[in-house]
Amino acid sequence: MDKYDVFYLMKRHFQQTGEVMDPHVFAAQFSGAFSTAEGVAGILMFDEYLNSEVRKHGATG
């Protein structure tokens, strides 16, 4: 699993639930599936997505 997989899974969870998955819960669910560096990079990509696509447009929920 690479940073793009981490990003995609977090984004999909957000789109399905309207909530941001706790990174610790995510890490526990996918323990060993990605390196710390890939996990951090994917979470940062997701944060950038939230900043550009969600927060500036006023998300509800």
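Among the contacts in this protein between residues at least 6 apart in sequence, 67% join residues at least 24 apart. The model you are looking at is predicted. Welcome to a protein with 3 helices and 0 strands, which follows the pattern α-α-α when read along the sequence.

**The protein as a whole**
- Of the 61 residues in the protein, 23% are buried.
- The accessible surface comes to about 4200 Å², and carbon and sulfur atoms account for 52% of that surface.

**How H1 and H3 meet**
- A good place to start looking is helix H1, which covers residues 3–17, together with helix H3, which covers residues 36–54.
- The axes of H1 and H3 come within 7 Å and cross at roughly 45 degrees.
- Angles from 65 to 115 degrees count as roughly perpendicular and those under 35 as roughly parallel, so H1 and H3 are oblique to each other.
- The crossing of these two helices, H1 and H3, is right-handed.

**Residues at the H1–H3 contact**
- On the H1 side, the contact is made by Lys-3, Tyr-4, Val-6, Phe-7, Met-10, Lys-11, Phe-14 and Gln-15.
- H3 contributes Glu-38, Gly-39, Ala-41, Gly-42, Ile-43, Met-45, Phe-46, Tyr-49, Leu-50 and Val-54.
- Sorted by character, the residues in the contact of H1 with H3 comprise 12 nonpolar, 3 polar and 3 charged.

Technical notes
Residues numbered from 1 in each chain as written. Predicted model: local features only at pLDDT ≥ 70, side-chain atom pairs only at ≥ 80, totals over all residues. Heavy atoms only, no water. Axes fitted to C-alpha atoms, helices over the stretch in contact; angles between N-to-C directions. Helix = DSSP H or I, 4+ residues; strand = E, 2+ residues; numbered from the N terminus. Parallel < 35°, antiparallel > 145°, perpendicular 65-115°, else oblique. Left-handed = near helix turned anticlockwise from the far one by under 90°. Contact = heavy atoms within 4.5 Å. Nonpolar A, V, L, I, M, F, W, Y, C, P; charged D, E, K, R; others polar. Buried < 20%, exposed > 50% of the residue type's maximum accessible area, 1.4 Å probe, protein only. Areas by Shrake-Rupley, 256 points an atom, 1.4 Å probe, with all protein chains shown as cover.
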